[in-house]
Amino acid sequence: MPSALEDELFPSTPGKFKIERGHGMNRQFHRCFASTSTMFLWALFLIALTASYLSFQSFVDSGSRYFSASWGGIQWEKQVRNSAQIHRSGGMAVLVTGAAGFVGTHVSLALKKRGDGVVGIDNFNSYYDPSLKKARRSLLKSHGVFIVEGDINDNRLLDKLFDTVAFTHVMHLAAQAGVRYAMENPHSYVHSNIAGLVTLLEVCKTANPQPSIVWASSSSVYGLNDNVPFSESDRTDQPASLYAATKKAGEEITHTYNHIYGLSVTGLRFFTVYGPWGRPDMAYFSFTRNILQGKPITIYRGKNRVDLARDFTYIDDIVKGCLGSLDTSGKSTGSGGKKRGPAPYRIFNLGNTSPVTVPTLVSILERHLKMKAKKNFVDMPGNGDVPFTHANISLARREFGYKPTTDLQTGLKKFVRWYLSYYGYNHGKPVN
């Protein structure tokens, strides 16, 4: 449809102008020319005005995006700085990745409660019910911990965080977890556990000051190793799952960054962590849910019907190991991305040293829930699971006094109490 300006310049009604001869025609011509010149000037003015408006609107939109984005802006920076405030002598400012996760929530709370500054980052993905992660975020918020919603692969976000706070330590817990899920979505493990780790290390190496890094590896790296108990010096070159392979790759990658850039790095090999606010994909969690709902549970067995066994480690003991590792991590030695001297590189097992079979775990849950489980025993499929885990923790005990104190009976009792409360059960029945 023609614009108003086009209507003025190019009338659409035939015979609108009467052509006169002689002087009349000249006068008409001059009037028309003058009118056309005036309209041309008006057109230029309108174009300039429109360009100015669009430019201003673009500026406003940019500012609006700056202030309303999920990260960035004055209010966002204020929240980050407040959360990172240190409230004890000799305290640390810690960036916790995966802060809305199971271990991340507990570690963040423990750091905050003792007076350290804590800022979290989490992408709130849907590997399991995001509402549980959001509930954990609310818990942390009530204790003054701010969680930035974002991905560790976003180097712009990480740069902004380090520009806002001079973090002394990074507790890197963000990862794609789970052994079996790797067969369904292998790329998510590479994206989070390898690419995400490298993105984080790249930002840390150029930060000033460089932070000390403690990160979550996994007992899965021991793979097909059959030396018992597992020691940090054992072979870890035979992973049984893609998840284990990405964690093993993480250990090699962090060693490289330590060697080249002087980053202080401590890797923690967690052994089957459980407890309140845990992960719904873990066996103890899904067993509890199915027992309460009267659904059957699947219990895997190894070769020759041997019961699987795990070195179940209660969350509070894992937190002790995480804080002990942070406290003894030593300083990074690089500056401006260049190494100035050797920096600590350490790997520790964090386990309970008391493996328990899965059927025993189920019997303890039955006792606490006061309900019997409907059990289906199935041979373990070739999905990356290993028949047993057992941690040798002598190195962590020697380095920072790590000593687990919670047995499975006690730990599961605490978990069941939390589960019934969180999901609204009363005497084994859901509350409407």
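A residue counts as buried when its relative accessible area is under 20%. Threonine 406 has a relative accessible area of 9%, so it falls on the buried side of that cut-off. The model you are looking at is a predicted one, and this threonine is a good place to enter it. Threonine 406 sits in the loop between α12 (394–400) and α13 (408–422). Its C-alpha atom is 7.2 Å from that of aspartate 317, although 89 residues separate the two along the chain. Aspartate 317 is also one of the residues that threonine 406 touches; leaving out residues up to four places away in sequence, the others are Tyr274, Tyr314, Asn352 and Gly411.

Follow the chain onward into α13 and you come to lysine 413. With a relative accessible area of 46%, lysine 413 is partly exposed. Its C-alpha lies 9.3 Å from that of arginine 367, and the two residues are 46 positions apart in sequence.

Let us step back to the whole chain for a moment. It holds 13 helices and 15 strands, and 48% of its 432 residues are buried. Among contacts with a separation of 6 or more, 81% are between residues 24 or more positions apart. The accessible surface amounts to about 22,000 Å², with carbon and sulfur atoms contributing 55% of that area.

Now turn to helix α6, residues 155–164, whose buried residues are Leu157, Leu158, Leu161, Phe162 and Thr164. These residues span an arc of only 160° around the axis, and therefore lie on the same side of α6. The general background is helpful here: an α-helix has 3.6 residues a turn, so residues three or four places apart point the same way. On the face turned away from the buried side, α6 carries the exposed residues Arg156 and Asp163. The cover over the buried residues of α6 includes the helices α3 (74–83) and α7 (186–206), along with the strands β1 (93–97), β2 (117–122), β3 (146–149) and β4 (169–172). At the N-terminal end of α6, aspartate 154 acts as a cap, with a side-chain oxygen 3.2 Å from the backbone nitrogen of arginine 156.

One of those covering strands, β1, contains threonine 97. What is the relative accessibility of threonine 97? The value is 0%, so threonine 97 counts as buried. Its side chain makes a polar contact of 2.7 Å with the side chain of histidine 172. Beyond residues up to four places away in sequence, threonine 97 touches Ile121, Ile152, Met171, Leu173, Ala174 and Leu200 as well as His172.

Histidine 172 leads us on to the empty space in the model. Rolling a probe the size of a water molecule over the atoms shows where such space is left. A search of the whole structure turns up one cavity of 30 Å³ or more, and the largest cavity encloses about 50 Å³. Its lining includes His172, Ala174, Trp215 and Lys247. Helix α7 gives three residues, the largest share of this lining, while α7, β5 (212–216) and α8 (242–261) each supply at least two.

There is also a second largest pocket, with about 300 Å³ of space. It is lined by 14 residues, of which Gln79, Lys141, Val145, Phe146 and Ile147 are the closest to its centre. Each of α3, α5 (130–142) and β3 supplies at least two residues of this lining.

Finally, have a look at some backbone details. Most residues other than glycine have a negative phi, and most peptide bonds are trans. Phenylalanine 124, in the loop between β2 and α5, has a positive phi of about 50°; at 8% relative accessibility, this residue counts as buried. Tryptophan 277, in the loop between β7 (273–274) and α9 (283–292), also has a positive phi, near 65°, and counts as buried at 16% relative accessibility. Among the contacts of tryptophan 277 is histidine 106, a residue of helix α4 (residues 102–113) that is buried with a relative accessible area of 13%.

Two cis peptide bonds complete the tour. One runs from asparagine 208 to proline 209, with omega near 5°, and proline 209 is in the loop between α7 and β5. Another joins valine 228 and proline 229, with omega about -10°, and here the proline lies in the loop between β5 and α8.

Note on methods: Residues are numbered from 1 along each chain as its sequence is written. This is a predicted model: local features need pLDDT of at least 70, side-chain atom pairs count only at pLDDT 80 or more; totals for chains, interfaces and linings use all residues. Side-chain values use heavy atoms; hydrogens and water are left out. Buried means under 20% relative accessible area, exposed over 50%, partly exposed in between (1.4 Å probe, protein chains only). Helices (H or I, at least four residues) and strands (E, at least two) are DSSP runs, numbered from the N terminus. The arc is that of the directions from the helix axis to the C-beta atoms. Contact means heavy atoms within 4.5 Å. A polar contact is a pair of N or O atoms within 3.5 Å; within protein, one must be able to donate a hydrogen and the other to accept it, and residues adjacent in sequence count only if both atoms are side-chain atoms. Accessible areas come from the Shrake-Rupley method with a 1.4 Å probe; for residues, only the protein chains shown count as cover. On a 1 Å grid over the protein atoms alone, a cavity is a set of points where a 1.4 Å probe fits but cannot get out, and a pocket is an open set with protein on both sides within 12 Å along at least five of seven lines; lining residues have an atom within 4 Å of a point. Grid points are joined across faces, edges and corners, and a volume is the space filled by probe spheres set on the points.
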